[in-house]
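Biologist: Please take me through the enclosed cavities of this model, looking closely at one of them and then setting the other cavities beside it. I am new to this structure, so name the residues as you go.

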Amino acid sequence: MQDHRTVFVCQGTGCFSAGSSAVYEALKAEVERNGVKGAKVDFTGCHGFCEQGPNVVVEPEGIFYTHVEAEDAPEIVSSHLRQGKPVERLFYRDPVTRQAIPLYSDIKFYAGQQRIILRNCGHINPEKIDDYIARGGYQALEKALLKMTPQEVIEEIAKSGLRGRGGAGFPAARKWEFCRNTPGEQKYVICNADEGDPGAFMDRSILEADPHAIIEGLTIAGYAIGATEGYIYVRAEYPLAVSRFRIALEQAQERGFLGMNIFGSGFNFAVHVKEGAGAFVCGEETALIASIESRRGMPRPRPPFPAQSGLDGKPTIINNVKTLATVPVIIDKGAEWFASLGTEKSKGTAVFALTGKVANSGLVEVPMGTSLNSIIFDIGGGIPRGKQFKAVQTGGPSGGCIPAQFLDVPVEYDSLAQLGSIMGSGGMVVLDDSTCMVEIARYFLSFTQTESCGKCVPCRLGTKQMLEILTRITQGKGRDEDIDTLLDIADTVKECSLCGLGQTCPNPVLTTIKYFQDEYEAHIKEKKCPAAVCDALMISPCQHTCPVGINIPKYVAHIAAGEYLESIETIRERNPFPAICGRICHHPCETRCRRGELDESVAIRELKRFAADWYFDHVAELPEPEPFPQTRSQRVAVVGAGPTGLSCAYFLAQMGYPITVFEALPVGGGMLSVAIPQFRLPREVIQSEIDYIAKRGIDIRYNMPIDVNFTVEDLRKDGFEAVFVAAGAQRSQRIGIPGELEDVEDFHYGLRFLRDVKVGKQVRVGRRVAVIGGGNVALDAARTALRLGAEEVNIYYRRSLGEMPVTEVEYDEAVAEDIQINFLVSPTRIESSNWKATGLQCIRMQLGEPDASGRRRPVPIPGSEFFVEADTVIAAVGQAPDLSFLPRDSALERTRWETLVVDSNRLSTNVPGVFAGGDFVTGPGMVIDAIAAGRRAAMAIDKHLRDDTSRVEMYDLKQRGNGETGGQEVEESWETQPRLQMPKLPPQERKSTFEEIERGFSEEVARQEARRCLRCDLET
């Protein structure tokens, strides 16, 4: 047991607002009540890990307690201080492993940092000067005043390479030298602690936790330039920082570290506090000076620079809090030590306020040149709630948004500038895939536009015009020319504005357009917000995210009310395959479900399945579906009875057109019928869906291939006024490695393997099966091989788990069935003997630099080759369209990837009246995307047949109340309600059968789960 302990309670603003003052008092009272010897309770400023506050640290062990409440004080005192048993339930837990970590030095958030500017934060009582002195405080000031000339101080700072931490990164020594050499009896040094960036709290935290470091740095700067007076300009919204700084000033004066003849050196220095009104523009030097002079904070043209004519017309230097906090360390430890940190052009460390969609938010100090990836994922703990990283905004509201492909870029002044962003004062906001980049640009611009002083025309009017355009785009009123207009205005504002606010405020606009232009185009052209954030564009996030736009809240509400027929009819307004999608849809709607922000998203896919299964279970009792009325005379032909083709036919029939579908196979469903295993999608479910579609009036002709003998052109000659080609992607892609020979026995391509099994062919697999790939086909092939008798099945995937293009459900089910998935392994050769497969030659991979999409490209690790023994090899690396059915002289234009060239909006080919879509055009995708392509094609063909040349628009406008009354409303409950799980066959039982794994919701469970929906589509 330690002889003496100090229990430090964080009393920074974050922890203080969370109730740390009550924790502090409770701990003091408990220590006194229990008569604990050798222990005291004290408080510190911000410890940095604000996400975990209120924080309590027990020194010297370094035990770190998180989210401490006053009620925890008795246990901490009795268990830890008296018995030497730390309270494990209050330990920090790793967001990935959930492991409890007792020491803050072992927590990745702290272990990855190098604290120089924040050296004392969380380790001293900021209201006790003796604590600061005990850690070497004021030694640097004494050294500078008694052992160095002012010029030597400046030279030391110059050798250190210190650049201003306020944002511009101007060399501190050069500014000091300029001011020192400017004639003038009176000079000033000012500490800029204005910190107006939303989400930034570095300067405030340093002032609250280590105010003496600022006083010492400010005094050294004054000595170096020949100033006798200094100011700290701090916003009045920082009452705790102001209070502690004033206490520190009084203590420094009492000890002789400020005032007359400091250390007997003959140097006099006084510091004044000026509280600002919180104008963001006062972060600019000349505006700040005007505010100190009690004038309106507005910038003025430069030159003259403040170093020539600043406060009251006298030479003045202005440095940021972090810059001045660094000065004493450089003087104390030497320029060479400081210059050894960071990069060639950016020395030392940088402090960031890491906030946003990141597991560990708080103050982070790292050497300059540390990568964004290290800061966000190693120190920050990555993106919580299973979301994906999208971008990071650096430099405050005037900074730029940096996308995923630049995660490995070193963070320093020049590299960020090259990406269109800035270091700024240190704000770093992490954005995940639920963030709308257009709205982000609008949000930050709204801030800078409001904070513009209005003095110069480019900033005053340009920011207003850009904000109006961005607001219009987020409201669904964007115009095609808006992107070019934004770029023109942004460039003008950037080049012509008077001060740094105007010169940098276009950065969010410029970078979001540069890196996320597709999101702008989706808002403008499709009236879609990919992140489902812009409220004016959507009825509900789930419906907006659904590729076909199903009214999800409405059908879920029908299930909750027991209205199952109404539920299935609502689904079929937009999706003719509810039973299929209820089983295999990758349900992007659930990723945007607002219930997921409270606890877990609603089981939307499972509820869709329940409604569809209820319908088919009761179909004999329900009215027979009637054909859609034919109100149009133009005949339309659809090539392919897969999900895209049948969906197009269904929606065209819904519009009143006579439709004929031509299918080469004897069954419909396309790849659904021949490639998805029975245990995931039973054949009878597919047939039930197709039978329903046929009953609605669609003529499906099987065994009718469109090929070189009966062509698309022949269909036009037969009187079809429009043809939609939806042939799917039915050809397996080759891997392209040695030994890939189709004649090798026990070597299969994934699609063909699955198709042969699905149609009942005898397929033999060996004891050891190796599957190459990482998508749906690979997982389905592996699980099918297991059911055919394989004893050991391994998947070899060249990328990482996070990049597998499969749903979490599919992955978890495969793992539960003992399928071994080997990540970052790339087969280099298929080995065979006597024309029989014997195994794979492989090499291990590592993730290299990110590509344009942000995915880190896998690269081989030299010397990591190894052999895998296998008696069956299945290649499942992708699917591709097969254009062999088209005559060589077909007029239809092809791409170099052997797909048809189509208009992305209207899906029209170069041949009038011929359209194409789905996997056949885009490559393999998910079933709901195929259905959406069919719906788009139906809308496009309808426009074509009506001679309507306008764009196809697949969006729904919000209507107040969504057409529903409030009669069903109940009192809202915000209690956590766990998502109900779909019952499944046990893993050991299902490994030997092709019986369907998921068993479906019971009526009671379905209604209970449906009631979890928050009905965010209803407006009051």
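Modeller: Let me begin with the second largest cavity of this predicted model, which has a volume of about 110 Å³. Its lining is made up of 14 residues, and those that lie nearest the centre of this cavity are Cys 542, Cys 593, Arg 594, Cys 1013 and Cys 1016. Two helices, α22 (541-545) and α23 (552-560), each supply at least two residues of the lining of this second largest cavity. Sorted by class, the lining of the second largest cavity holds 10 nonpolar and four charged residues, with no polar residue among them; cysteine is counted here as nonpolar, while arginine is counted as charged.

The largest cavity can now be set beside it, with a volume of about 160 Å³. This largest cavity is lined by 15 residues, and Arg 583, Arg 605, Arg 680, Val 809 and Glu 998 are the ones that lie nearest its centre. Here α25 (578-584) and α34 (808-816) each contribute at least two residues to the lining of the largest cavity, and α34 gives the most, with three residues. By class, the lining of the largest cavity has seven charged, five nonpolar and three polar residues.

As for the wider count, the model has seven cavities of 30 Å³ or more.

Methods
Residues numbered from 1 in each chain as written. Predicted model: local features only at pLDDT ≥ 70, side-chain atom pairs only at ≥ 80, totals over all residues. Heavy atoms only, no water. 1 Å grid on protein atoms, 1.4 Å probe; cavity = no way out; pocket = protein on both sides within 12 Å on 5 of 7 lines; lining within 4 Å. Points joined across faces, edges and corners; volume = space filled by probe spheres on them. Helix = DSSP H or I, 4+ residues; strand = E, 2+ residues; numbered from the N terminus.
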